[in-house]
Amino acid sequence: MHKILSVMLLAAAVLPPAGISYAQYTNSVGVALPADAAPPDQQVFRVMSPEPRSLDIQINLYDGESTLLPFETLLIRDELWQPIPGAATHYDVSDDATEWTFHLRPGARWSDGRPVTAHDFVFAFRRMLDPANANPYAFFYYDIRNAKAISLGEITDLSRLGVRAVDDLTLRVDMERSAPHFPHVVSFGLAYPAPRWAVEKHGRKWTEVQNIVSNSGFRMSEWATGSHMTFVPDPMYNGPHKPLLEKVIHPFRYAAAQTVLAYENNEVDVETVDINDMDRIERHPVLSRELVKTPGRTTWYLFFKVAEPPFDDIRVREAFARALDRDAICRVVLRGAAAPAYSMMPPDFKEYNGDAMKPYQAFDPVRAKALMREAGYPNGRGFPRQEMWLRAPTPSMKMAGEAIQSMLLEHLGVDVTVRTLDRTAYMSKLYNWEMDFGFLRFVADYMDPRNMLDMTWHSQPKGAGRHDWAQPEFDALVERAGAALDPVLRTDLYRQAEEILVRDYAAAFVFHPLTLQLRKSNLKGYSRDYDGIVGALMYSRLYKTRE
(Lines give C-alpha, C1' and ligand atoms only; values in the text may rest on other atoms or scores of the structure.)
Protein backbone atom coordinates (compact mmCIF):
# COMPACT_ATOMS: atom_id res chain seq x y z
CA MET A 1 0.00 0.00 0.00
CA HIS A 2 1.22 3.51 -0.69
CA LYS A 3 -0.15 6.64 0.86
CA ILE A 4 -1.52 9.58 -1.09
CA LEU A 5 -2.00 12.88 0.70
CA SER A 6 -4.29 15.50 -0.83
CA VAL A 7 -2.84 18.98 -0.41
CA MET A 8 -5.16 21.91 -0.11
CA LEU A 9 -3.87 25.21 -1.48
CA LEU A 10 -4.94 28.13 0.64
CA ALA A 11 -5.37 31.52 -0.97
CA ALA A 12 -3.22 34.21 0.56
CA ALA A 13 -5.08 36.85 2.52
CA VAL A 14 -5.56 40.10 0.64
CA LEU A 15 -3.58 42.87 2.26
CA PRO A 16 -4.89 46.42 2.64
CA PRO A 17 -3.34 49.17 0.54
CA ALA A 18 -0.08 50.63 1.82
CA GLY A 19 -0.57 53.13 4.62
CA ILE A 20 -4.05 51.86 5.55
CA SER A 21 -4.54 49.79 8.67
CA TYR A 22 -7.64 47.64 9.03
CA ALA A 23 -8.91 45.94 12.16
CA GLN A 24 -8.98 42.18 11.60
CA TYR A 25 -12.16 40.46 12.66
CA THR A 26 -12.93 37.02 14.05
CA ASN A 27 -16.24 35.42 13.18
CA SER A 28 -18.74 33.55 15.35
CA VAL A 29 -16.90 30.21 15.13
CA GLY A 30 -13.47 31.68 15.87
CA VAL A 31 -12.13 32.02 12.33
CA ALA A 32 -9.88 35.03 11.71
CA LEU A 33 -11.22 36.82 8.64
CA PRO A 34 -8.84 38.05 5.91
CA ALA A 35 -7.27 41.46 6.40
CA ASP A 36 -9.61 43.16 3.91
CA ALA A 37 -12.79 41.51 5.19
CA ALA A 38 -15.86 43.44 6.25
CA PRO A 39 -17.11 42.97 9.84
CA PRO A 40 -18.86 39.67 10.66
CA ASP A 41 -22.35 41.20 10.61
CA GLN A 42 -21.79 42.02 6.93
CA GLN A 43 -20.67 38.49 6.02
CA VAL A 44 -24.02 37.48 4.53
CA PHE A 45 -24.08 35.79 1.12
CA ARG A 46 -27.34 35.65 -0.84
CA VAL A 47 -27.98 33.63 -3.98
CA MET A 48 -31.27 32.49 -5.48
CA SER A 49 -32.13 28.87 -6.22
CA PRO A 50 -35.22 26.75 -6.86
CA GLU A 51 -36.73 25.34 -3.67
CA PRO A 52 -35.57 21.75 -3.08
CA ARG A 53 -38.08 18.97 -2.50
CA SER A 54 -35.58 17.51 -0.04
CA LEU A 55 -31.92 17.80 0.93
CA ASP A 56 -31.76 14.00 1.19
CA ILE A 57 -30.19 13.90 -2.26
CA GLN A 58 -28.32 10.64 -1.78
CA ILE A 59 -31.69 8.92 -2.25
CA ASN A 60 -32.80 11.14 -5.13
CA LEU A 61 -30.33 13.64 -6.50
CA TYR A 62 -33.09 15.35 -8.46
CA ASP A 63 -34.99 16.34 -5.31
CA GLY A 64 -32.22 18.79 -4.54
CA GLU A 65 -31.45 22.06 -6.29
CA SER A 66 -28.50 24.44 -6.29
CA THR A 67 -28.68 25.21 -2.58
CA LEU A 68 -25.83 24.73 -0.15
CA LEU A 69 -25.73 21.15 1.17
CA PRO A 70 -24.64 21.05 4.84
CA PHE A 71 -22.85 17.70 4.55
CA GLU A 72 -19.16 16.89 4.26
CA THR A 73 -18.11 13.94 2.10
CA LEU A 74 -14.88 11.96 2.57
CA LEU A 75 -13.18 14.26 0.09
CA ILE A 76 -14.66 17.46 -1.26
CA ARG A 77 -14.04 19.37 -4.47
CA ASP A 78 -12.22 22.65 -4.58
CA GLU A 79 -13.35 25.48 -6.86
CA LEU A 80 -11.54 23.85 -9.78
CA TRP A 81 -13.20 20.47 -9.16
CA GLN A 82 -10.15 18.69 -7.77
CA PRO A 83 -10.56 16.38 -4.72
CA ILE A 84 -9.17 17.72 -1.43
CA PRO A 85 -9.54 16.53 2.20
CA GLY A 86 -13.01 16.68 3.70
CA ALA A 87 -14.26 14.30 6.39
CA ALA A 88 -11.15 12.21 5.61
CA THR A 89 -7.73 13.71 6.23
CA HIS A 90 -6.04 11.31 3.79
CA TYR A 91 -6.38 7.90 2.19
CA ASP A 92 -4.32 4.85 1.28
CA VAL A 93 -4.80 3.04 -2.01
CA SER A 94 -3.40 -0.25 -3.28
CA ASP A 95 -1.16 -0.29 -6.34
CA ASP A 96 -3.97 -1.72 -8.46
CA ALA A 97 -6.51 0.86 -7.17
CA THR A 98 -8.91 -1.82 -5.90
CA GLU A 99 -8.52 -1.21 -2.15
CA TRP A 100 -9.14 2.24 -0.70
CA THR A 101 -8.77 3.13 2.98
CA PHE A 102 -9.97 6.53 4.18
CA HIS A 103 -8.82 7.98 7.51
CA LEU A 104 -11.46 10.18 9.10
CA ARG A 105 -10.70 13.37 10.97
CA PRO A 106 -10.51 12.80 14.73
CA GLY A 107 -12.98 14.76 16.83
CA ALA A 108 -15.48 15.38 14.01
CA ARG A 109 -19.02 15.94 15.30
CA TRP A 110 -22.50 15.99 13.90
CA SER A 111 -24.47 19.16 14.53
CA ASP A 112 -26.22 17.40 17.45
CA GLY A 113 -22.85 16.71 19.09
CA ARG A 114 -22.54 13.00 18.28
CA PRO A 115 -19.25 11.80 16.77
CA VAL A 116 -18.94 11.31 13.02
CA THR A 117 -17.66 7.78 12.45
CA ALA A 118 -16.87 5.36 9.64
CA HIS A 119 -20.09 3.52 10.56
CA ASP A 120 -22.07 6.57 9.41
CA PHE A 121 -20.50 6.24 5.96
CA VAL A 122 -21.18 2.50 5.85
CA PHE A 123 -24.84 3.18 6.65
CA ALA A 124 -24.99 5.88 3.96
CA PHE A 125 -23.47 3.74 1.20
CA ARG A 126 -25.76 0.81 2.00
CA ARG A 127 -28.72 3.18 2.02
CA MET A 128 -27.80 4.60 -1.39
CA LEU A 129 -27.61 1.14 -2.93
CA ASP A 130 -30.58 -0.47 -1.19
CA PRO A 131 -33.05 -1.23 -4.02
CA ALA A 132 -35.90 -0.41 -1.62
CA ASN A 133 -34.88 3.25 -1.96
CA ALA A 134 -34.93 3.19 -5.80
CA ASN A 135 -32.01 5.61 -5.98
CA PRO A 136 -31.66 6.72 -9.63
CA TYR A 137 -27.96 7.47 -9.02
CA ALA A 138 -27.10 4.07 -7.52
CA PHE A 139 -25.09 3.27 -10.66
CA PHE A 140 -22.65 6.01 -9.60
CA TYR A 141 -21.17 3.51 -7.12
CA TYR A 142 -21.12 0.35 -9.22
CA ASP A 143 -17.31 0.18 -9.03
CA ILE A 144 -17.70 -0.87 -5.38
CA ARG A 145 -17.73 -4.62 -4.74
CA ASN A 146 -21.26 -6.06 -4.99
CA ALA A 147 -22.81 -2.61 -5.44
CA LYS A 148 -24.49 -3.39 -8.75
CA ALA A 149 -25.75 -6.79 -7.61
CA ILE A 150 -27.21 -5.24 -4.45
CA SER A 151 -28.81 -2.36 -6.35
CA LEU A 152 -30.45 -4.76 -8.81
CA GLY A 153 -31.69 -7.03 -6.01
CA GLU A 154 -29.44 -9.96 -6.96
CA ILE A 155 -27.81 -9.80 -3.51
CA THR A 156 -30.19 -9.01 -0.64
CA ASP A 157 -27.63 -8.89 2.19
CA LEU A 158 -26.52 -5.24 2.36
CA SER A 159 -23.58 -6.20 4.58
CA ARG A 160 -21.92 -7.75 1.51
CA LEU A 161 -21.37 -4.29 0.02
CA GLY A 162 -17.63 -3.64 -0.21
CA VAL A 163 -17.72 -0.78 2.34
CA ARG A 164 -16.85 -1.48 5.96
CA ALA A 165 -15.66 0.29 9.09
CA VAL A 166 -12.26 -1.01 10.21
CA ASP A 167 -12.74 1.10 13.34
CA ASP A 168 -14.53 4.34 14.17
CA LEU A 169 -12.09 6.46 12.13
CA THR A 170 -11.11 4.08 9.31
CA LEU A 171 -13.28 3.27 6.30
CA ARG A 172 -12.29 0.50 3.87
CA VAL A 173 -13.77 0.37 0.35
CA ASP A 174 -13.09 -2.63 -1.91
CA MET A 175 -13.75 -2.37 -5.63
CA GLU A 176 -14.90 -4.81 -8.29
CA ARG A 177 -12.01 -3.67 -10.48
CA SER A 178 -9.34 -0.99 -10.58
CA ALA A 179 -10.92 2.43 -10.09
CA PRO A 180 -8.28 5.18 -10.33
CA HIS A 181 -11.03 7.81 -10.57
CA PHE A 182 -12.55 6.91 -7.18
CA PRO A 183 -11.44 10.11 -5.37
CA HIS A 184 -13.70 12.00 -7.78
CA VAL A 185 -16.62 9.72 -6.91
CA VAL A 186 -16.35 10.23 -3.14
CA SER A 187 -15.88 13.99 -3.55
CA PHE A 188 -19.24 14.33 -5.30
CA GLY A 189 -21.94 15.74 -3.04
CA LEU A 190 -24.02 12.56 -2.75
CA ALA A 191 -21.48 10.49 -0.80
CA TYR A 192 -21.96 12.13 2.58
CA PRO A 193 -22.41 10.13 5.80
CA ALA A 194 -25.94 9.63 7.10
CA PRO A 195 -26.97 9.80 10.78
CA ARG A 196 -28.74 6.50 11.27
CA TRP A 197 -30.61 7.63 14.38
CA ALA A 198 -32.15 10.61 12.55
CA VAL A 199 -33.00 8.66 9.39
CA GLU A 200 -34.66 5.84 11.33
CA LYS A 201 -36.66 8.28 13.43
CA HIS A 202 -37.83 10.64 10.70
CA GLY A 203 -37.51 8.70 7.41
CA ARG A 204 -37.27 10.92 4.32
CA LYS A 205 -38.16 13.93 6.49
CA TRP A 206 -34.84 13.76 8.34
CA THR A 207 -33.41 16.72 6.38
CA GLU A 208 -36.31 19.06 7.18
CA VAL A 209 -35.26 22.00 9.31
CA GLN A 210 -36.69 20.71 12.59
CA ASN A 211 -35.03 17.29 12.14
CA ILE A 212 -31.83 17.78 10.20
CA VAL A 213 -28.48 16.60 11.53
CA SER A 214 -25.45 17.68 9.47
CA ASN A 215 -21.66 17.48 9.59
CA SER A 216 -20.20 20.38 7.57
CA GLY A 217 -19.06 23.89 8.37
CA PHE A 218 -22.63 25.07 7.89
CA ARG A 219 -25.90 23.95 9.42
CA MET A 220 -29.42 24.83 8.33
CA SER A 221 -31.09 27.36 10.59
CA GLU A 222 -34.23 28.13 8.60
CA TRP A 223 -36.39 26.70 5.81
CA ALA A 224 -39.35 28.95 5.14
CA THR A 225 -41.41 27.02 2.60
CA GLY A 226 -42.02 29.04 -0.54
CA SER A 227 -39.65 31.78 0.58
CA HIS A 228 -36.02 30.94 1.46
CA MET A 229 -33.46 28.81 3.32
CA THR A 230 -30.74 30.04 5.65
CA PHE A 231 -27.49 28.38 6.68
CA VAL A 232 -25.12 29.51 9.45
CA PRO A 233 -21.72 28.31 10.73
CA ASP A 234 -21.84 25.16 12.83
CA PRO A 235 -19.77 25.50 16.03
CA MET A 236 -19.51 21.68 16.22
CA TYR A 237 -17.45 21.54 13.02
CA ASN A 238 -13.71 21.03 13.59
CA GLY A 239 -12.53 20.52 10.00
CA PRO A 240 -10.42 22.46 7.49
CA HIS A 241 -13.35 24.20 5.81
CA LYS A 242 -14.75 26.45 8.53
CA PRO A 243 -16.69 29.23 6.84
CA LEU A 244 -15.80 32.89 6.79
CA LEU A 245 -19.42 33.83 6.12
CA GLU A 246 -21.96 34.28 8.91
CA LYS A 247 -25.00 33.44 6.77
CA VAL A 248 -25.86 31.92 3.42
CA ILE A 249 -29.41 32.78 2.35
CA HIS A 250 -31.17 31.15 -0.60
CA PRO A 251 -34.28 33.04 -1.71
CA PHE A 252 -36.32 30.64 -3.85
CA ARG A 253 -36.86 31.35 -7.53
CA TYR A 254 -37.37 28.96 -10.43
CA ALA A 255 -35.30 28.89 -13.60
CA ALA A 256 -38.15 29.96 -15.88
CA ALA A 257 -38.47 33.20 -13.88
CA GLN A 258 -34.75 33.99 -14.01
CA THR A 259 -33.83 37.68 -14.34
CA VAL A 260 -31.04 39.91 -13.03
CA LEU A 261 -33.46 42.34 -11.37
CA ALA A 262 -32.80 41.06 -7.84
CA TYR A 263 -29.05 41.38 -8.46
CA GLU A 264 -29.43 44.96 -9.67
CA ASN A 265 -31.51 45.74 -6.58
CA ASN A 266 -28.71 44.34 -4.34
CA GLU A 267 -31.00 41.58 -3.07
CA VAL A 268 -28.50 38.87 -4.08
CA ASP A 269 -24.71 38.77 -4.45
CA VAL A 270 -24.44 36.32 -7.34
CA GLU A 271 -26.81 35.70 -10.23
CA THR A 272 -26.68 33.33 -13.16
CA VAL A 273 -27.19 35.28 -16.37
CA ASP A 274 -29.57 34.28 -19.12
CA ILE A 275 -28.55 35.08 -22.68
CA ASN A 276 -31.53 37.43 -23.03
CA ASP A 277 -29.88 39.84 -20.57
CA MET A 278 -26.42 39.84 -22.17
CA ASP A 279 -26.76 42.86 -24.46
CA ARG A 280 -27.88 45.12 -21.62
CA ILE A 281 -25.24 43.76 -19.23
CA GLU A 282 -22.41 44.27 -21.69
CA ARG A 283 -23.49 47.88 -22.25
CA HIS A 284 -23.91 48.59 -18.53
CA PRO A 285 -20.94 50.43 -16.91
CA VAL A 286 -21.09 48.39 -13.65
CA LEU A 287 -22.67 45.08 -14.63
CA SER A 288 -20.25 44.59 -17.50
CA ARG A 289 -17.32 44.61 -15.04
CA GLU A 290 -19.08 42.11 -12.74
CA LEU A 291 -19.81 39.55 -15.48
CA VAL A 292 -17.77 36.34 -15.16
CA LYS A 293 -17.61 33.59 -17.78
CA THR A 294 -16.52 30.10 -16.73
CA PRO A 295 -16.47 26.69 -18.41
CA GLY A 296 -19.82 24.96 -18.14
CA ARG A 297 -18.50 21.35 -18.15
CA THR A 298 -21.82 20.65 -19.84
CA THR A 299 -23.19 19.07 -23.00
CA TRP A 300 -26.67 19.73 -24.41
CA TYR A 301 -27.97 16.99 -26.67
CA LEU A 302 -31.04 15.49 -28.32
CA PHE A 303 -31.77 12.00 -27.05
CA PHE A 304 -33.92 9.36 -28.70
CA LYS A 305 -35.79 6.24 -27.61
CA VAL A 306 -33.86 3.97 -29.96
CA ALA A 307 -35.64 0.69 -29.26
CA GLU A 308 -38.89 1.75 -30.96
CA PRO A 309 -39.89 3.43 -34.26
CA PRO A 310 -39.14 5.93 -35.62
CA PHE A 311 -35.81 6.37 -33.82
CA ASP A 312 -34.82 2.70 -34.03
CA ASP A 313 -33.72 3.61 -37.57
CA ILE A 314 -30.17 4.99 -37.52
CA ARG A 315 -30.92 6.96 -40.69
CA VAL A 316 -33.57 8.96 -38.82
CA ARG A 317 -31.22 9.63 -35.91
CA GLU A 318 -28.46 10.76 -38.25
CA ALA A 319 -30.90 12.96 -40.18
CA PHE A 320 -31.87 14.73 -36.95
CA ALA A 321 -28.18 15.26 -36.12
CA ARG A 322 -27.42 16.57 -39.63
CA ALA A 323 -30.38 18.98 -39.58
CA LEU A 324 -28.96 21.07 -36.72
CA ASP A 325 -27.08 24.25 -37.60
CA ARG A 326 -25.07 24.33 -34.37
CA ASP A 327 -23.05 27.38 -35.40
CA ALA A 328 -26.23 29.41 -35.84
CA ILE A 329 -27.61 28.23 -32.48
CA CYS A 330 -24.38 29.18 -30.69
CA ARG A 331 -23.76 32.45 -32.54
CA VAL A 332 -27.30 33.83 -32.91
CA VAL A 333 -29.51 32.25 -30.25
CA LEU A 334 -26.87 31.91 -27.52
CA ARG A 335 -24.91 35.06 -28.50
CA GLY A 336 -21.55 33.33 -28.57
CA ALA A 337 -21.84 31.89 -25.06
CA ALA A 338 -21.56 28.29 -26.26
CA ALA A 339 -19.46 26.13 -28.58
CA PRO A 340 -20.93 23.64 -31.07
CA ALA A 341 -20.96 20.06 -29.79
CA TYR A 342 -20.23 17.04 -31.93
CA SER A 343 -19.60 14.59 -29.09
CA MET A 344 -20.40 14.05 -25.43
CA MET A 345 -17.12 15.21 -23.88
CA PRO A 346 -16.99 18.97 -23.16
CA PRO A 347 -13.91 20.95 -24.25
CA ASP A 348 -13.14 21.61 -20.55
CA PHE A 349 -11.91 18.00 -20.32
CA LYS A 350 -8.34 17.22 -21.32
CA GLU A 351 -9.68 14.12 -23.13
CA TYR A 352 -11.86 16.26 -25.43
CA ASN A 353 -11.86 14.96 -29.01
CA GLY A 354 -14.80 16.81 -30.51
CA ASP A 355 -13.00 17.98 -33.64
CA ALA A 356 -12.36 14.37 -34.66
CA MET A 357 -16.05 13.56 -34.10
CA LYS A 358 -17.38 16.47 -36.19
CA PRO A 359 -17.58 14.58 -39.53
CA TYR A 360 -20.21 12.26 -38.09
CA GLN A 361 -22.63 14.96 -36.93
CA ALA A 362 -21.78 18.15 -38.85
CA PHE A 363 -24.66 20.19 -40.27
CA ASP A 364 -25.56 18.77 -43.71
CA PRO A 365 -29.20 19.43 -44.64
CA VAL A 366 -28.85 17.79 -48.06
CA ARG A 367 -27.70 14.52 -46.52
CA ALA A 368 -30.36 14.87 -43.79
CA LYS A 369 -33.14 15.09 -46.42
CA ALA A 370 -31.73 12.12 -48.32
CA LEU A 371 -31.58 10.00 -45.17
CA MET A 372 -35.20 10.76 -44.31
CA ARG A 373 -36.22 9.85 -47.86
CA GLU A 374 -34.32 6.55 -47.60
CA ALA A 375 -36.02 5.85 -44.27
CA GLY A 376 -39.44 6.25 -45.91
CA TYR A 377 -40.25 9.81 -44.81
CA PRO A 378 -39.68 12.06 -47.88
CA ASN A 379 -39.88 15.69 -46.73
CA GLY A 380 -41.24 14.38 -43.44
CA ARG A 381 -44.33 12.78 -44.95
CA GLY A 382 -45.64 9.96 -42.79
CA PHE A 383 -43.31 10.78 -39.92
CA PRO A 384 -45.18 10.50 -36.60
CA ARG A 385 -45.73 13.80 -34.84
CA GLN A 386 -43.14 14.24 -32.10
CA GLU A 387 -43.01 15.91 -28.71
CA MET A 388 -39.61 17.31 -27.78
CA TRP A 389 -39.31 17.38 -24.00
CA LEU A 390 -37.35 20.08 -22.16
CA ARG A 391 -36.55 20.09 -18.45
CA ALA A 392 -37.48 23.30 -16.57
CA PRO A 393 -35.85 25.44 -19.28
CA THR A 394 -34.48 28.92 -18.76
CA PRO A 395 -35.69 31.48 -21.32
CA SER A 396 -32.55 31.03 -23.44
CA MET A 397 -32.72 27.24 -23.39
CA LYS A 398 -36.36 27.41 -24.43
CA MET A 399 -35.23 29.61 -27.32
CA ALA A 400 -32.59 27.02 -28.24
CA GLY A 401 -35.26 24.33 -28.19
CA GLU A 402 -37.48 26.43 -30.43
CA ALA A 403 -34.55 26.95 -32.84
CA ILE A 404 -34.13 23.16 -33.05
CA GLN A 405 -37.87 22.82 -33.60
CA SER A 406 -37.63 25.27 -36.52
CA MET A 407 -34.60 23.53 -38.06
CA LEU A 408 -36.24 20.12 -37.97
CA LEU A 409 -39.27 21.53 -39.73
CA GLU A 410 -37.22 23.44 -42.31
CA HIS A 411 -34.70 20.72 -43.19
CA LEU A 412 -36.66 17.51 -42.54
CA GLY A 413 -40.30 18.54 -42.76
CA VAL A 414 -40.77 17.14 -39.25
CA ASP A 415 -43.28 18.95 -37.03
CA VAL A 416 -42.24 18.93 -33.36
CA THR A 417 -44.17 20.18 -30.32
CA VAL A 418 -42.08 21.52 -27.44
CA ARG A 419 -43.16 20.20 -24.02
CA THR A 420 -41.71 21.11 -20.61
CA LEU A 421 -41.70 19.50 -17.17
CA ASP A 422 -40.21 20.36 -13.79
CA ARG A 423 -36.89 18.75 -12.93
CA THR A 424 -38.10 15.87 -10.76
CA ALA A 425 -41.02 14.83 -13.01
CA TYR A 426 -38.79 15.04 -16.07
CA MET A 427 -36.10 12.79 -14.60
CA SER A 428 -38.69 10.26 -13.53
CA LYS A 429 -40.01 10.04 -17.11
CA LEU A 430 -36.46 9.95 -18.47
CA TYR A 431 -35.32 7.02 -16.33
CA ASN A 432 -38.52 5.13 -17.13
CA TRP A 433 -37.93 5.71 -20.87
CA GLU A 434 -41.31 7.40 -21.30
CA MET A 435 -40.10 10.07 -23.76
CA ASP A 436 -39.42 9.33 -27.43
CA PHE A 437 -37.32 12.42 -27.94
CA GLY A 438 -35.96 15.27 -25.84
CA PHE A 439 -33.48 18.11 -25.49
CA LEU A 440 -31.45 17.78 -22.32
CA ARG A 441 -28.13 18.68 -20.75
CA PHE A 442 -25.67 16.65 -18.75
CA VAL A 443 -23.47 18.60 -16.36
CA ALA A 444 -20.33 16.75 -15.34
CA ASP A 445 -20.40 15.39 -11.80
CA TYR A 446 -16.61 15.18 -11.80
CA MET A 447 -13.69 15.83 -14.15
CA ASP A 448 -13.16 12.36 -15.55
CA PRO A 449 -14.44 10.87 -18.83
CA ARG A 450 -15.97 7.97 -16.93
CA ASN A 451 -18.64 10.37 -15.73
CA MET A 452 -19.53 11.75 -19.18
CA LEU A 453 -19.46 8.41 -21.01
CA ASP A 454 -19.84 5.38 -18.74
CA MET A 455 -22.09 6.96 -16.11
CA THR A 456 -24.39 8.36 -18.79
CA TRP A 457 -24.34 5.93 -21.73
CA HIS A 458 -23.38 2.47 -20.45
CA SER A 459 -26.41 0.24 -20.94
CA GLN A 460 -28.65 -0.09 -17.88
CA PRO A 461 -32.12 -1.55 -17.27
CA LYS A 462 -35.15 0.71 -17.34
CA GLY A 463 -35.28 2.77 -14.15
CA ALA A 464 -31.50 2.71 -13.72
CA GLY A 465 -30.26 4.40 -16.88
CA ARG A 466 -31.10 7.66 -18.63
CA HIS A 467 -31.45 6.12 -22.08
CA ASP A 468 -32.37 2.83 -23.73
CA TRP A 469 -29.42 2.92 -26.17
CA ALA A 470 -27.23 -0.16 -25.71
CA GLN A 471 -24.11 -1.14 -27.61
CA PRO A 472 -21.99 -4.05 -26.31
CA GLU A 473 -18.75 -2.81 -27.89
CA PHE A 474 -19.20 0.59 -26.25
CA ASP A 475 -19.92 -1.05 -22.89
CA ALA A 476 -16.80 -3.21 -23.13
CA LEU A 477 -14.58 -0.25 -24.01
CA VAL A 478 -15.76 2.01 -21.18
CA GLU A 479 -15.44 -0.88 -18.71
CA ARG A 480 -11.83 -1.43 -19.81
CA ALA A 481 -11.12 2.30 -19.75
CA GLY A 482 -12.52 2.78 -16.26
CA ALA A 483 -10.14 0.18 -14.86
CA ALA A 484 -7.08 1.21 -16.89
CA LEU A 485 -4.23 2.54 -14.76
CA ASP A 486 -2.19 3.77 -17.75
CA PRO A 487 -3.56 7.27 -18.51
CA VAL A 488 -2.60 7.12 -22.19
CA LEU A 489 -4.38 3.78 -22.69
CA ARG A 490 -7.32 5.04 -20.67
CA THR A 491 -7.78 8.10 -22.89
CA ASP A 492 -7.44 6.02 -26.06
CA LEU A 493 -10.11 3.55 -24.92
CA TYR A 494 -12.52 6.34 -24.00
CA ARG A 495 -12.01 7.97 -27.38
CA GLN A 496 -12.77 4.70 -29.15
CA ALA A 497 -15.94 4.37 -27.07
CA GLU A 498 -17.00 7.95 -27.75
CA GLU A 499 -16.63 7.41 -31.50
CA ILE A 500 -19.06 4.47 -31.28
CA LEU A 501 -21.52 6.65 -29.36
CA VAL A 502 -21.30 9.43 -31.93
CA ARG A 503 -21.37 7.35 -35.12
CA ASP A 504 -24.32 5.29 -33.87
CA TYR A 505 -26.20 8.54 -33.22
CA ALA A 506 -27.23 7.60 -29.70
CA ALA A 507 -27.73 11.35 -29.46
CA ALA A 508 -27.45 14.44 -31.58
CA PHE A 509 -24.98 16.62 -29.69
CA VAL A 510 -25.80 20.31 -29.93
CA PHE A 511 -23.61 22.65 -27.84
CA HIS A 512 -21.34 23.12 -24.84
CA PRO A 513 -22.36 26.29 -22.93
CA LEU A 514 -20.33 28.71 -20.88
CA THR A 515 -21.62 29.61 -17.42
CA LEU A 516 -22.42 33.31 -17.24
CA GLN A 517 -22.60 34.85 -13.80
CA LEU A 518 -22.76 38.26 -12.17
CA ARG A 519 -20.73 38.57 -8.97
CA LYS A 520 -20.60 41.60 -6.69
CA SER A 521 -17.21 43.27 -6.69
CA ASN A 522 -16.87 42.97 -2.90
CA LEU A 523 -17.23 39.17 -3.00
CA LYS A 524 -13.89 37.39 -2.66
CA GLY A 525 -12.62 33.84 -2.28
CA TYR A 526 -12.75 32.50 -5.83
CA SER A 527 -9.72 30.77 -7.34
CA ARG A 528 -8.01 30.88 -10.71
CA ASP A 529 -6.02 28.13 -12.34
CA TYR A 530 -2.95 28.64 -14.51
CA ASP A 531 -5.12 29.22 -17.58
CA GLY A 532 -6.91 32.05 -15.80
CA ILE A 533 -10.15 30.12 -15.39
CA VAL A 534 -12.11 31.40 -12.42
CA GLY A 535 -13.18 28.67 -10.03
CA ALA A 536 -16.74 27.84 -9.15
CA LEU A 537 -18.39 28.69 -5.87
CA MET A 538 -16.99 27.04 -2.74
CA TYR A 539 -18.93 28.39 0.20
CA SER A 540 -16.27 27.97 2.88
CA ARG A 541 -13.84 30.29 1.09
CA LEU A 542 -16.21 33.14 0.30
CA TYR A 543 -16.23 36.43 2.17
CA LYS A 544 -17.08 40.07 1.63
CA THR A 545 -14.62 42.92 1.66
CA ARG A 546 -15.15 46.41 3.01
CA GLU A 547 -17.03 48.59 0.55
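1. In which strand is Ala-508 found? In this predicted model, Ala-508 belongs to strand 19, a strand that spans residues 507-519. Its relative accessibility is 0%, and Ala-508 therefore counts as buried, given that the term applies to residues under 20% relative accessible area.

2. The surroundings of Ala-508 can be described through its contacts, leaving aside neighbours within four places in sequence: Ala-508 touches Tyr-301, Leu-302, Phe-304, Ala-321, Leu-324 and Gln-361. As for Ala-484, which lies 24 residues away from Ala-508 along the chain, the C-alpha atoms of the two residues are separated by 28 Å.

3. One of those contacts, Gln-361, leads to helix 10, which covers residues 354-361 and in which Gly-354, Met-357 and Gln-361 are buried. These buried residues take up an arc of only 60° around the axis, so they are on the same side of helix 10. On the face turned away from that buried side, helix 10 carries Asp-355 and Pro-359, both of them exposed.

4. What do the buried residues of helix 10 pack against? Their partners are helix 8 (314-322), helix 9 (326-333), helix 16 and strand 19, and strand 19 is the element in which Ala-508 is found.

5. Helix 8, one of these partners, also has an interface with helix 11 (residues 365-374), where the two axes come within 8 Å and cross at roughly 155°. Because angles over 145 degrees count as roughly antiparallel, helix 8 and helix 11 are described as roughly antiparallel to each other, and the crossing is left-handed.

6. At this interface, helix 8 contributes Arg-315, Val-316, Glu-318, Ala-319 and Arg-322, which meet Pro-365, Arg-367, Ala-368, Leu-371, Met-372 and Glu-374 of helix 11. Sorted by class, the contact of helix 8 with helix 11 comprises 6 nonpolar and 5 charged residues, with no polar ones.

7. Helix 16 (residues 487-503), for its part, packs with helix 14 (residues 449-457) at an angle of about 40°, the axes being 11 Å apart. Helix 14 and helix 16 are therefore oblique to each other, and their crossing is left-handed.

8. The residues that meet here are Pro-449, Arg-450, Leu-453 and Trp-457 from helix 14 and Arg-490, Tyr-494, Glu-498 and Leu-501 from helix 16. By class, the contact of helix 14 with helix 16 contains 5 nonpolar and 3 charged residues, and no polar residues.

Technical notes:
Residues numbered from 1 in each chain as written. Predicted model: local features only at pLDDT ≥ 70, side-chain atom pairs only at ≥ 80, totals over all residues. Heavy atoms only, no water. Axes fitted to C-alpha atoms, helices over the stretch in contact; angles between N-to-C directions. Helix = DSSP H or I, 4+ residues; strand = E, 2+ residues; numbered from the N terminus. Parallel < 35°, antiparallel > 145°, perpendicular 65-115°, else oblique. Left-handed = near helix turned anticlockwise from the far one by under 90°. Contact = heavy atoms within 4.5 Å. Nonpolar A, V, L, I, M, F, W, Y, C, P; charged D, E, K, R; others polar. Buried < 20%, exposed > 50% of the residue type's maximum accessible area, 1.4 Å probe, protein only. Arc of directions from axis to C-beta.
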